[in-house]
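Biologist: I am a first-year student, and I would like a close look at one part of this model, the pairing of charged side chains. Please set the scene with the chain as a whole, and then go slowly through the part itself.

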Amino acid sequence: MGILGFGKVTKLEDLSVNDLKKERLTQEVKQDQLLTRLRLAQDQYDGLLEAASEPGLSEAEIDAAAYKMEMAGKVRTRTEYDLQEIITKMTVIDSTVDILNQRQELEKKGIWKKINSIPEEQLEAQLEELAVDRKETAINLNNIVEMFDTDTQSVKANRSSDFRKSREAIMAKRQEKSGD
């Protein structure tokens, strides 16, 4: 497969900074698309919550809305996962560009030959580790992507915990509206 998905590239010296920059741009476009999908899923979830919390809806209508909210939540969760992968890949690309930009210094210190003799899988793992170090000094990405807290203990019939959480959110919002 090659380092970072670049075909037959098995050594850092086979990568070009320009190719990496193009790949980073591609990943940024994917990131933008995922952020849009994430916002749409959240908007759908919020819209369903608002509509389903109106007084006078039947239990069946509330259940249908809760199922739709669950689906929107699943889209959001999957999108958050995909977004995290894209962000990680961009960080790995950035780290790789940093290494390539320091090639002359690395050659002077005798490290460049060693880097290029590392097997492909091990090299990728080390690039990922370098990316993690880079992440820790920058933004903590876990704060960007908010994950669901899934309640695995409350199982009722065949309904998932996300369904129950959605239904509870509807009922709480409904209560809030009727209390006004």
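Modeller: Among contacts in the protein chain (heavy atoms within 4.5 Å) between residues at least 6 apart in sequence, 78% join residues at least 24 apart. This is a predicted model, in which local features need pLDDT of at least 70 and side-chain atom pairs count only at pLDDT 80 or more, while totals for chains, interfaces and linings use all residues. Residues are numbered from 1 along each chain as its sequence is written, and side-chain values use heavy atoms, with hydrogens and water left out.

The protein chain has 6 helices and 0 strands, where helices (H or I, at least four residues) and strands (E, at least two) are DSSP runs, numbered from the N terminus. Of the 180 residues in the protein chain, 36% are buried, a word that here means under 20% relative accessible area, with exposed meaning over 50% and partly exposed in between (1.4 Å probe, protein chains only).

Now to the part that you asked about. Side chains of opposite charge can pair when their charged atoms come close. A salt bridge is a side-chain nitrogen of Lys or Arg within 4 Å of a carboxyl oxygen of Asp or Glu, and by this rule the count comes to 10 salt bridges. One of them joins K173 and E50, whose side chains meet at 3.5 Å, N to O. That pair links distant parts of the chain, since K173 belongs to helix α6 and E50 to helix α1 (residues 17-52), with their positions 123 residues apart. K173 has a relative accessible area of 23%, so it is partly exposed, and E50, at 35%, also counts as partly exposed.

E50 has another partner in K177, and here the salt bridge is 2.7 Å, N to O. This pair, too, links distant parts of the chain, with E50 in helix α1 and K177 in helix α6, 127 residues apart.

A further salt bridge lies within a helix, for K74 pairs with E70, their closest N and O atoms being 3.5 Å apart. Both residues lie in helix α2, and they are 4 residues apart, about one turn of the helix. K74 is partly exposed because its relative accessible area is 43%, whereas E70, at 6%, counts as buried. Salt bridges that share partners also join E50, E54, K173, E176 and K177 into one network.

Helix α1, which holds E50, has 36 residues that should span 52 Å at 1.5 Å a residue (the expected span is 1.5 Å times one less than the number of residues), and its end C-alpha atoms are indeed 52 Å apart. The buried residues of α1 include L20, E23, L48, L49 and A52.

Finally, consider a charged residue without such a partner. R174 lies in helix α6 (residues 161-179) and is buried, yet has no salt bridge, the nearest side chain of opposite charge, E59, being 4.9 Å away; in this count Lys and Arg are positive and Asp and Glu negative, while His and the chain ends are not counted. Leaving aside neighbours within four places in sequence, R174 is in contact with S53, E54, P55, G56, L57 and I62.
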